[in-house]
Amino acid sequence: MNELSPGKILTTEQALNEYLFITDNNCHLKIQVLSDHKIRVRYATDGSFETDFSYAISSKFLSEVTELSFIELKNHFEIKTSVIIINIGKADAKITFTDLNGKIVCRDEKGFHWEENQTYGGNIVKMSKVVQEGEHFYGMGDKTMHLNLRGRRVTNWAMDTYGFKKNEDPIYKCIPFFTAIHAERAYGIFFDNTFKSHFDFGSERRSVTSFWAEGGEMNYYFIYGPELIDVTRRYTKLTGTPELPPMWALGYQQCKWSYYPESKVAEITNKMRALSIPCDAFYFDIDYMDGFRCFTWDKEKFSEPKRLVAELKEKGFKSVVIIDPGIKVDEEYSIFKEALENNYFCRRADGPYMKGKVWPGECYFPDFTNPKVRKWWSGLFQELIEDIGVRGVWNDMNEPAIFEIEGKTFPDDVRHDYDGNTCSHRKAHNVYGMQMARATYKGVKKFNNGLRPLIITRSAYAGTQRYASAWTGDNIASWEHLWVANMQCQRLSISGFSFAGSDIGGFIDHPTPELYVRWIQLGIFHPFCRTHSSGDHGDQEPWSFGDEALNIVRKFIEIRYQLLPYIYTTFYQYVTEYTPILRPISIYDQHDNDTLYRVDEFLHGDHLLICPVLEPNVKTRYVYLPKGRWYNFWDDSAYMGQKEINTPAALDQIPVFVREGAVIPLYPVMQYVGEKVIDQLTLKVYYGGDSVSSYLYEDGGDGYDYEKGIYNRKKFKTYSTHSSFKMTLKTNGHFEPEYSTYKIEIHGLTFIPQRILINDKELEKQAHIFEHNCLLITADRMSFISLEIFE
């Protein structure tokens, strides 16, 4: 191994917020200050940088630097922003990031080094940094292991991993971003390199963390906090967020491989309504197609797809269909012929088409890194979406997965356009699924009659969240996989990809009633909420596990629908403020060292703390409550945080807690979004806290009127003392919701109300109810701005 490193810095150049350092062995180091907290670091080993192109970075991201200085000192150069200092050593170009007090945040160990890739050409590019005392590492997408990555090594290479195991790596998604914290200072690193990459968090050498790629450029973004949640926010802003989903996409969804024929679809959907199980989306897996040909229907199973989709719509179900990348080799198949004639399929290095077996048999595969191919692919959705009325599309097998081939994917020599930056599959592999989801999103949105699309993808690279939601792949009906689902969805959320969920109950094998119930109890708090299973292992509808399980499952799905305004608001915060929807408690309070080791508990949004039950036969379970005071969602009992408590967890409930001072908006139970007129909005309000803010975002729930300003952003503030309580409401926006009144429930009052004022006007005693420390009041939506309660 002949490793090389940058030499002594000879010259420097500056252009606005960009600094170039040239070494005596012609290695170029470029540092771009993108904001006071975000620093981009690039190296060119031969003095020539690659074309500056990235699929990951959002086109909406803009540099925003408020303070910047550059000085040369005796042994190093110093770049300084308002929050961070970057020191570049003159002798070796090693970089140290410190805070303004000189405290080390992150520093190079060996720093950048490289070796020639003698098999493929180019370089294997490497970076090593010092692990600081007490440092913890998080992130990296859908990894199947403990949230804290200290002592582990992981790989980014999208793989079709049917029945993956705990700690198995790699699997479907590749998000080369991690966060780290030590001494209460947090930072993150995003290594934007699409080649197969590896990250070592003190596994090989306990004092060193390193990351390297098997080709391409050493190109990483250093993101400073010092709060963990701000690191995630800044990374998410860099790589982008999706548009708001239709509210129905946040409802419960039912899927199976596969529901057919049409009579089976009618049986399942009718039973869902007859048993009053709320559900918004119904899925068609690959068997709806004619011989697994994409964009076709099997007319023997589904004779009139347009009528069927319309009938499902009448019952409140939105239809979602699967589309895979493999296009069947069939001269009579119009889509195959069109792609062939236009040279849209991937080719091997010497010219033959990339051919592989998947569900239809022998297939060719579109090159989704070619913008012409993406435009063509988008146009193929016109009939499905505009004519037949399908509302969502589910992209599977897009790692890309291939049967009966070594490596289970394209060989390395397959060529790709890469938006004009022609390359091999070694570079394009990890973004193939992302670019398929991108093209699918564009097509569904184009033909969706002004409504918002739902796209689901299995494979993803950083930034894919702009185009699609995701599920965690072909999991197993086991308690271990329930634990894994909890890890994966939290990890994806802090990796910028919040709109994610698992196959509830497990795709492979069949869950026990208890396991299915516990999975639903977790799944209703995941942004993407769908039961999915393989038809090989038995039925997995909510009624498949007996009456006791059915009643509990129904109860929790109903809670999901009641919480929709809260969940929708949390999604809005994700889209506009870049805050993760699911938040490990380490993000909620990184200054409490105990939270850094906890993995089961997480927050959904600002105020709900969830701790799923992940083992069988549980009656109670221990929960760590972070700082503050927390109310048990089920009985209003209150507990101070920063300690572990043992709380009831019988089969019909899991530990759910609400932060004191919170205002939780609730809808009435409905069978699907839009089923009924919502004439009253319930506000569950929890006494406590000096000053606590809560938010409610409202719009039409679908369509794009919100982009024209037709929405409401409501801010509630609560103030509590030992003898009084006050809540205020400030509304910005021009949306008129259906409801005319608020039903306000004040939970946990520690005093008996004697005077109640609404908008400074005293309320008559018969206009409210007070029992079990809960006060019930009805207020007019149009006029309500404040509520005050006095002992």
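1. Pro400 is found in the loop that runs between strand β25 (392-395) and strand β26 (415-416), and the peptide bond that leads into this proline from Glu399 is cis, with an omega near 0 degrees. Please keep in mind, here and in every point below, that this is a predicted model. A cis bond is also found from Asp169 to Pro170, again with omega near 0 degrees, and Pro170 lies in the loop between β12 (153-156) and β13 (173-174).

2. Two residues deserve a look for their backbone angles. Glu184, which is not a glycine, has a positive phi of about 65 degrees, and this residue sits in the loop between β14 (177-182) and β15 (185-191). Asn449 also has a positive phi in a residue other than glycine, with a value near 55 degrees, and its place is the loop between α7 and β28 (454-457). As for their surroundings, Glu184 is partly exposed at 43% relative accessibility, whereas Asn449, at 60%, counts as exposed.

3. How many disulfides does a search of the whole structure find? The search finds zero. Cys294 takes part in no disulfide, and the nearest cysteine sulfur, which belongs to Cys363, is 7.7 Å away. As a reminder, a disulfide is a covalent bond between the sulfur atoms of two cysteines. The cut-off for counting such a pair is that the two sulfur atoms lie within 2.5 Å. In the case of Cys489, the closest cysteine sulfur is that of Cys529, and because the separation is 11 Å, it is too far for a bond. Both of the cysteines discussed here are buried, Cys294 with a relative accessibility of 1% and Cys489 with a relative accessible area of 2%.

4. Is Arg530 buried or exposed? Its relative accessible area is 0%, so Arg530 counts as buried. This arginine belongs to strand β33, which covers residues 530-531, and its side chain makes a polar contact of 3.0 Å with the side chain of Asp503. If neighbours within four places in sequence are left aside, the residues in contact with Arg530 include Gln253, Cys255, Tyr283, Trp394 and Trp471, together with Ser502, Asp503 and Ile504.

5. Helix α5, made of residues 371-379, contains several buried residues, namely Val373, Arg374, Trp376, Trp377 and Ser378. Which elements cover them? The cover includes the strands β21 (318-323) and β22 (327-328) as well as the helices α4 (334-341) and α7 (425-446). At the N-terminal end, α5 is capped by Asn370, one of whose side-chain oxygens lies 2.9 Å from the backbone nitrogen of Lys372.

6. Helix α2 (residues 262-274) and helix α3 (residues 305-314) have axes that come within 11 Å and cross at roughly 5 degrees. The two helices are therefore roughly parallel to each other, which follows because angles under 35 degrees are counted in that way. On the α2 side the meeting residues are Glu262, Val265 and Thr269, and on the α3 side they are Arg307, Leu308, Glu311 and Leu312. Sorted by class, the residues of this contact are three nonpolar, one polar and three charged. For readers new to helices, an α-helix has 3.6 residues a turn, so residues three or four places apart point the same way.

7. Helix α10 (residues 547-562) and helix α11 (residues 564-577) make another pair, with axes that come within 5 Å and cross at roughly 55 degrees. This pair is therefore oblique. The contact is formed by Arg560, Tyr561 and Gln562 from α10, and by Leu564, Pro565 and Ile567 from α11. By class, there are four nonpolar residues, one polar residue and one charged residue in the contact of α10 with α11.

8. Finally, Pro513 is placed in helix α9, which covers residues 513-523, and at 39% relative accessibility this proline counts as partly exposed. Its C-alpha atom is separated by 9.9 Å from that of Trp543, although the two residues are 30 residues apart along the chain. When residues up to four places away in sequence are not counted, Pro513 touches Phe545 and Ala549.

Technical notes. Residues numbered from 1 in each chain as written. Predicted model: local features only at pLDDT ≥ 70, side-chain atom pairs only at ≥ 80, totals over all residues. Heavy atoms only, no water. Buried < 20%, exposed > 50% of the residue type's maximum accessible area, 1.4 Å probe, protein only. Helix = DSSP H or I, 4+ residues; strand = E, 2+ residues; numbered from the N terminus. Polar contact = N/O pair within 3.5 Å; in protein donor to acceptor, adjacent residues only side chain to side chain. Contact = heavy atoms within 4.5 Å. Axes fitted to C-alpha atoms, helices over the stretch in contact; angles between N-to-C directions. Parallel < 35°, antiparallel > 145°, perpendicular 65-115°, else oblique. Nonpolar A, V, L, I, M, F, W, Y, C, P; charged D, E, K, R; others polar.
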